[in-house]
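User: I am new to this structure and would like to go through it in questions and answers. Please keep each answer short and end it on what was asked for.

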Amino acid sequence: MILRRNHRILVFGITGRQATHWVGRMVKYGANVVGGVNPRKPGIRHVERKVWASAHDAAKDCRFEVALLFVPPLAARSAAVDAMEAGSNTVVCLTEHVPTRDVMYMIEAATANRASLVGPNTPGLVTPGETFAGIMPAFNPAIFQPGRVGVISRSGSLGTLACHYLTKHGFGVSAFLGVGGDPIVGTSMAEGLRFFAGHGTTEAIVLCGEIGGAMEEEVAECAEAAAKPIVAFVAGRSAPVGRRMGHAGAMVAGRSGTHASKVRALERHGIPVAQLPSELPALLYNVMSGRRSIESSMR
Amino acid sequence: MLCGNRRCAHNVKGSTAVRFCENVGKALLTEVGIAVPKGVVVSTASAAADATTKLGPTAIKALVPTGRRGKAGAVRLVSDPAEAAIAVEAILGMRIDGYQVSELLVEQQVPVSQELYAAVVNHASSGGPLMLFSACGGMDVEQALEASPEAVVKCVASVGHGLEPDTVRKAIGDLLPEDCVDAVAQSLLRLYDLYLNTDAEIIEINPLAITTLGAVVALDCKLAVDDAALPRQQSLARLAATEPSTSLEAAAAAAGLKFIELEGDIGILANGAGLTMTTMDAVEVFGGKPANFLEIGGEAYRSADVATALLLRKPGLKSIVVNFCGAFARCDVMAAGVIETWKELEPEIPVFFSVLGTGDTRARSMIRRELGIKPFQDMDDAVRSAVEAAASRS
């Protein structure tokens, strides 16, 4: 779940306009992109890298740990399964609007192949100062600086804003995990938290949730076990009931998925919740003070 | 029984649920072999009276895809044609949860000995399908999910391996008379297949009735389909109920944008669902009221010009916040779109920008140069200024 510079990345849909742009930025930042997949263009070279028809074919020529999916919605399921069966242990699916039924198959394939699925509809993974995979502005120094705070977010734009506030107030980010804005995703916030709990560099965790679903309630249950300072922001206190707020997963349905329910759950487990993202650094400072680690967490 | 006159209004993925009226759901149940009462779709009192003449005592039900029909008085039992006509006159034209009643289902009454609850839903926590069953009909799906295991049986299924008939029989065995178990289990398995094949988010039969003659009959059907699956569910998409939307929301949907009109007077344009919601929240925190949700995240970031024009059509705006936090979406491209429309329409509404992330330096200088406005670097400052400007204009 934490991307390292030596992790080899295979990019599905590498020849597309957006993929070409973002792979360029990733490589410049230090990401180890070994090649790409496009079933219609095997054998060509793109962004100075080989393109195969499938991960299965790519695996005959090279090794890779991470598959990054820039594919159309209805192609995500087969790409993810191909990547996992070819030996990739982490599949990061950036694609939005993947049918939920396909996501269920992708999750079962991940379990069967002992792989991790991140997303769909994730902005990706960032390890500041080292590497990134996805569509986050890792390269913008006002947003990402290396450090010791782990950030988990359902949203790319909100995650970007949260990281900016951390950076602005002297906190660096150990790693950013975008879990994705869909109602059902591979890696949940709770799994992300368990991961950061065991990650030596990470000394505190910021959770950026939003209305809809129960991921925030579930991650709250894991707070005590994580044994690290945690703070949170939950978007959507002003959202009307029954409307999907942009993300397919961001909807209050009747009594469930409300802002109030999430804030209550988080606070019950000792996680302070910011009213606005700008309050996150101060909350973080509060929960970390009294701990020796505060100094080392500041850049 | 499928009515083909409902047009599909789902141009924007992720913005609306794709819901279906009872008659469509029941036609699908019939196709997979789950019995439903005899019925016809009508839109006039006289047609309802004719149907009741043929069918005997009937249930008259508004065809709108919401669970609040009963409470609204839009489901009535009638015993003769005259009563049927009166019921239809009363229900036609009702507005329930924003849906206007233009059609009704007239259905033969069934003698019921027991009412059950059955549903299959997408279950986020397990990442797969979840079947819900109870020997007591009448609850809603949320109650069913929260109910104790004694009252509601929950079976987690695997999309890969499906549901085993034995698992289902065992799960429901304790809740039902022995002679009903096989028939109900068969209906549940058929419901599960229908859920899988339609890309349903939820399919619910409530109540699923056991008649006095021992037959299993679905007396209602709630169906909502994953809109992301519509490209491969085209025949189903044409049967979806039209979601209520304002003319602005419909215009935005046609342009591929997500616009939700709200009560307030502070207009909002931002990129990304999370940031747009956060901007609305900030307006509230600083004491204002958001007028809308409008986001141009993802590929829509190139449509800032169209989005700005749509926002400016919203009546009663006292100020506007434009909040960009570029990752995938480039701030300079979005700013150029806003500037273009702003210069063309020259609205007399104060606007406050916050710009951060990919392309921000260029975007800031464009806004300063073209509009003579200094963008904020912190969204709180932009929102606070917009709230103050709105307050001073009221």
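User: In which strand of chain B does B:Pro207 lie?
Analyst: This is a predicted model, and the position of B:Pro207 is read from it. The peptide bond leading from B:Asn206 into B:Pro207 is cis, with omega near 5°. The strand that holds B:Pro207 covers residues 200–211 of chain B and is β11.

User: How many bridges join β11(B) to β13(B)?
Analyst: β11(B) and β13(B) run antiparallel. Within this pairing, B:Glu204 has B:Lys222 of β13(B) as its bridge partner. The number of bridges joining β11(B) to β13(B) is four.

User: Which residue in β13(B) stands opposite B:Phe20?
Analyst: Strand β1 (residues 18–20) of chain B is joined to strand β13 (residues 222–225) of chain B by three bridges. These two strands run antiparallel. Opposite B:Phe20 in β13(B) stands B:Leu223.

User: Where in chain A is A:Pro120 found?
Analyst: The bond to look at is the peptide bond from A:Gly119 to A:Pro120, which is cis with omega near 10°. β7 of chain A covers 116–118 and β8 of chain A covers 124–127. A:Pro120 is found in the loop between β7 and β8.

User: What is the phi of A:Val47?
Analyst: A:Val47 is found in the loop between β3 (45–46) and β4 (49–52) of chain A. A:Val47 is not a glycine, yet its phi is positive. The value is about 40°.

User: Which are the edge strands of the open sheet β3-β4-β2-β1-β5-β6-β7 in chain A?
Analyst: This open sheet has seven strands with mixed pairing. One of its pairings is between strand β6 (residues 90–93) of chain A and β7(A), in the parallel sense over three bridges. In that pairing, A:Val92 has A:Val118 as its bridge partner in β7(A). The strands that pair on one side only are β3 and β7 of chain A.

User: Why are β9 and β14 of chain A each left with one side without a neighbour in the sheet?
Analyst: The open sheet concerned has seven strands in the order β9-β8-β11-β10-β12-β13-β14 of chain A, and the pairing is mixed. β9 (131–134) and β14 (273–274) stand at the edges of the sheet, so one side of each is without a neighbour. The reason is that each has a single partner strand.

User: Which residue of β13(A) does A:Gly209 stand opposite?
Analyst: Strand β12 (residues 204–210) of chain A runs parallel to β13(A). Six bridges join the two strands. The residue opposite A:Gly209 is A:Val234.

User: What angle does the direction of helix α10 of chain A make with that of β13(A)?
Analyst: Two helices of chain A can be described against this sheet. Helix α9 (residues 259–268) packs on the sheet and touches β12, β13 and β14 of chain A, with a direction at about 175° to that of β13(A). Helix α10 (residues 280–288) also packs on the sheet, touching β10 (146–153), β12, β13 and β14 of chain A. For α10 the angle with β13(A) is about 155°.

User: How many residues apart in sequence are the parts that the pair A:Glu203 and A:Arg148 ties together?
Analyst: The side chains of A:Glu203 and A:Arg148 meet in a salt bridge at 3.4 Å, N to O. A:Glu203 lies in the loop between α6 (189–197) and β12 of chain A, whereas A:Arg148 lies in strand β10 of chain A, so the pair ties together separate parts of the sequence. The parts are apart by 55 residues.

User: How many salt bridges are there between chain A and chain B?
Analyst: Over all chains, the structure holds 31 salt bridges. Among those between chain A and chain B is the one where the side chains of A:Lys168 and B:Asp378 meet at 2.9 Å, N to O. The count between chain A and chain B is five.

User: What area is buried between chain A and chain B?
Analyst: The contact takes 59 residues from chain A and 66 residues from chain B. Carbon and sulfur atoms give 55% of the buried area. The area is about 4,800 Å².

Technical notes. Residues are numbered from 1 along each chain as its sequence is written. Chains are lettered from A and ligands numbered from 1 in the order in which they are written. This is a predicted model: local features need pLDDT of at least 70, side-chain atom pairs count only at pLDDT 80 or more; totals for chains, interfaces and linings use all residues. Side-chain values use heavy atoms; hydrogens and water are left out. Contact means heavy atoms within 4.5 Å. Buried area is the accessible area (1.4 Å probe) that two parts lose on being put together, summed over both. A salt bridge is a side-chain nitrogen of Lys or Arg within 4 Å of a carboxyl oxygen of Asp or Glu. Two strands pair if DSSP finds at least two bridges between them. Axes are lines fitted to C-alpha atoms, for helices over the stretch in contact, and angles run from 0 to 180 degrees between N-to-C directions.
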